[in-house]
Amino acid sequence: MLELRDIKYSKGDNEIIKGINMKFEEGNVYCIIGNNGVGKSTIGYIIMGLSDYRPSQGNIFLDGKDITELSLTERAKSGISLLWQEPARFDGITVENYLKLNRDMKKEEIEETLKLVNLEPSRYMRRYVDKKLSGGERKKVELASCILLKPKYVIMDEPDSGIDIMSLDMIVKVINHFKKMGSAVIVITHRKEIAINCGYSYLICAGKVFLDGESKKIVSYYEKTCDNCGHVNYLEEE
Amino acid sequence: MDIVKGYEKEFEELVEIYEKNTNDKSLRSPGVATIIVSGNKVVGLNSVKGMHIKSKERADGLVMIDVEIEDNTIIPIPVHLCTGFLKKRGEQILKFNYIIGSNVKVKFKSHCILTKVEKLHHYMESDMYIGKNSFVTYEDEHFHDEGGGVFVETITRMKIDEGSFFSSKFYETKTRVGRINVVMDIELLKDAKADLESKIYGREDDIIDIKEVLRLNGENSSGIAKSTVFATDRTNAHVVNEAYGNAPYARGHIECNEIVKGNSVEVSTLPLLKVMNDKAELTHEASVGRINQVQLETLMAKGLTEEEAAEFIVNGLLS
Ligand SMILES: Nc1ncnc2c1ncn2[C@@H]1O[C@H](COP(=O)(O)OP(=O)(O)OP(=O)(O)O)[C@@H](O)[C@H]1O
Ligand SMILES: [Mg+2]
């Protein structure tokens, strides 16, 4: 189990995350939902342990062990993985080598994974993970990379952004693939088609968990209330 | 292959070093055009149909090589230029003169094998004229001694005639640089295109100077000059890229990326764009700094250490 306890995070004077508690268990699918700018990606980065995202308060526990002080590399090695909202580009690195990442890996396994994310292996293995890939293609390569890491906890930040409607089914398929592997999937999204496929949801507003519970309930609340609300400071205004 | 009498051993030795470094076994093949120079002596020559090679060794040590390729010649297998130096110290001065006809297709692979020297000045000056509608590529790969005593200077002047394409790759990434000074000065006529790329990995107290000049003199000519330098330890690297847009619809792009590691490196880049025609368009991109943090963290989030991630990124940039 991965647990966030009373996490706060500030950038300069700006408190972006204002004390949140969350729990994620392996084999389940979670959703973090909320409008633009409420702090969803920030939560993902804090869990992953990016260098600029050390919480100012609170702790993160993995199977009861406090990992708040663990480095990015150590967290990755303990089974946490992140699908970036906007993955970085790399000159001179082929899709094949990017997915392999210095590991011994059968070519077939890479090819199978590319097929799973709707990329034709013969067309993509030799391409570079550079600026020439389209946004959607790059995102799919990143998805394949996450799958090959076989994480215990995978944070998927807007898995559908930049990806065509046709591939929405693919995303749902990948989420189920992770679930079958026994991973905990944490999906960050504002798309209800994706959220509805998750088991448990956290609705974020202004850096706080505003509501949490069964996804269907949360999504219907979100649709009714937040969709046309637009502001991110609901709590302050109350 | 004509191997000069009395130089069979030097020929063998150079070919062996080359094969060991590259896994390429084509040098001995009779169908491959080759020029093999050891020290101040041309030790092996092999020509193919449509190509003429003449060499001359002067008493003062200068080696002159003329390469001529007839119009309409297509050479399917790369032409190998292998220059090596097997003594411990000295000077190697080479002057190449290329005249390439029209409608020619040829690829040159140059390798400079200087793995056994302690102190050497290798100076290579080349002039190349490429006729019309030809397609020429030139790859230059260097293998130097790890002691850093090699000083390489390569000066290339070129004129690319109408409708021709030229690309060059200069790589010194696998072994120590020592000191290197690369100058490429290219004139492009109407509809000509050039694509220049250099990649250099500096270690210890290596000194790197690169100058690439694109003279876009012909209408609709275009060129890209791109340099990537990875500077570590006490490397000193200085890159100058210039592009001159002198004709309508000429397009030029120069790019220099210098990645630095450590606090004792000294690197600089100096781009110069000069437009003499209001329909010409020139752009440049430059960066000097450490490895991109987001790229590093992307890989560390997959379990690589910072060192491993940096190596992975740099290998890509220099490949
Ligand atoms: N470098 C920064 N400096 C100051 N504020 C920042 C910085 N980065 C992010 N923020 C702010 O933190 C808040 C949360 O950002 P975050 O990216 O987590 O939002 P999000 O919920 O993921 O939004 P989106 O749906 O648009 O992806 C935003 O209001 C944003 O403006
Ligand atoms: Mg976000």
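Helix α1 of chain A is the element that gives the most to the shell around ligand 1, with three residues. The model is a predicted one, so everything below should be read with that in mind. Of the 14 residues around ligand 1, the ones that come nearest are A:Asn36, A:Gly37, A:Lys40, A:Ser41 and A:Thr42.

A handful of polar contacts show how ligand 1 is held in place on paper. An oxygen atom of ligand 1 sits 2.7 Å from a side-chain N or O atom of A:Lys40. The backbone joins in too: a backbone N or O atom of A:Gly37 is 2.8 Å from an oxygen atom of ligand 1, and for A:Ser41 a backbone N or O atom is likewise 2.8 Å from a ligand 1 oxygen. On its own, ligand 1 has 640 Å² of accessible area, and the protein covers 61% of that. Two elements of chain A, β2 (14–24) and α1 (40–48), give two or more residues each to the shell. Sorted by class, that shell has nine polar, three charged and two nonpolar residues.Next comes the metal site. The magnesium ion, ligand 2, is coordinated by OG of A:Ser41 and OE1 of A:Gln85, at 2.0 to 2.3 Å. These two residues come from distant parts of the chain, 44 residues apart: A:Ser41 belongs to helix α1 of chain A, while A:Gln85 is in the loop between β6 (80–83) and α3 of chain A. A:Ser41 counts as buried because its relative accessibility is 16%. A:Gln85, with a relative accessible area of 27%, is partly exposed.

Back to α1 of chain A itself: nine of its nine residues are buried. Among them are A:Lys40, A:Ser41 and A:Thr42, and the list also includes A:Ile43, A:Ile46 and A:Met48. The helix is followed by A:Gly49, which has a positive phi, near 90°.

Over in chain B, helix α2 (residues 293–300) has six of its eight residues buried, so the rest of the structure largely encloses it. The buried ones are B:Gln295, B:Leu296, B:Glu297, B:Thr298, B:Leu299 and B:Met300. They pack against α2 (72–77), α3 (95–100) and α6 (135–149) of chain A, together with α3 (306–318) of chain B. At the N-terminal end of this chain B helix, B:Asn292 acts as a cap, with a side-chain oxygen 2.9 Å from the backbone nitrogen of B:Val294.

Two strand residues of chain B round things off. B:Thr83 is found in strand β6 (residues 79–84) of chain B, and with a relative accessible area of 3% B:Thr83 is buried. Setting aside neighbours within four places in sequence, B:Thr83 is in contact with B:Val37, B:Gln92, B:Leu94, B:His111, B:Cys112, B:Ile113 and B:His122. B:Lys226, in strand β16 (residues 222–231) of chain B, is partly exposed at a relative accessible area of 25%. With neighbours within four places again left out, the contacts of B:Lys226 are B:Leu196, B:Glu197, B:Ser198, B:Glu212, B:Glu255 and B:Asn257. From B:Lys226 to B:Pro78 it is 148 residues in sequence and 23 Å in space, C-alpha to C-alpha.

Terms used. Residues are numbered from 1 along each chain as its sequence is written. Chains are lettered from A and ligands numbered from 1 in the order in which they are written. This is a predicted model: local features need pLDDT of at least 70, side-chain atom pairs count only at pLDDT 80 or more; totals for chains, interfaces and linings use all residues. Side-chain values use heavy atoms; hydrogens and water are left out. A residue is near a molecule or strand if one of its heavy atoms lies within 4 Å of it. A polar contact is a pair of N or O atoms within 3.5 Å; within protein, one must be able to donate a hydrogen and the other to accept it, and residues adjacent in sequence count only if both atoms are side-chain atoms. Accessible areas come from the Shrake-Rupley method with a 1.4 Å probe; for residues, only the protein chains shown count as cover. Helices (H or I, at least four residues) and strands (E, at least two) are DSSP runs, numbered from the N terminus. Ala, Val, Leu, Ile, Met, Phe, Trp, Tyr, Cys and Pro count as nonpolar, Asp, Glu, Lys and Arg as charged, and the others, Gly among them, as polar. Buried means under 20% relative accessible area, exposed over 50%, partly exposed in between (1.4 Å probe, protein chains only). Contact means heavy atoms within 4.5 Å. Donors are N, O and S atoms within 2.8 Å of the metal (3.2 Å for Na, K and Ca); water is not among the atoms, so sites may look incomplete.
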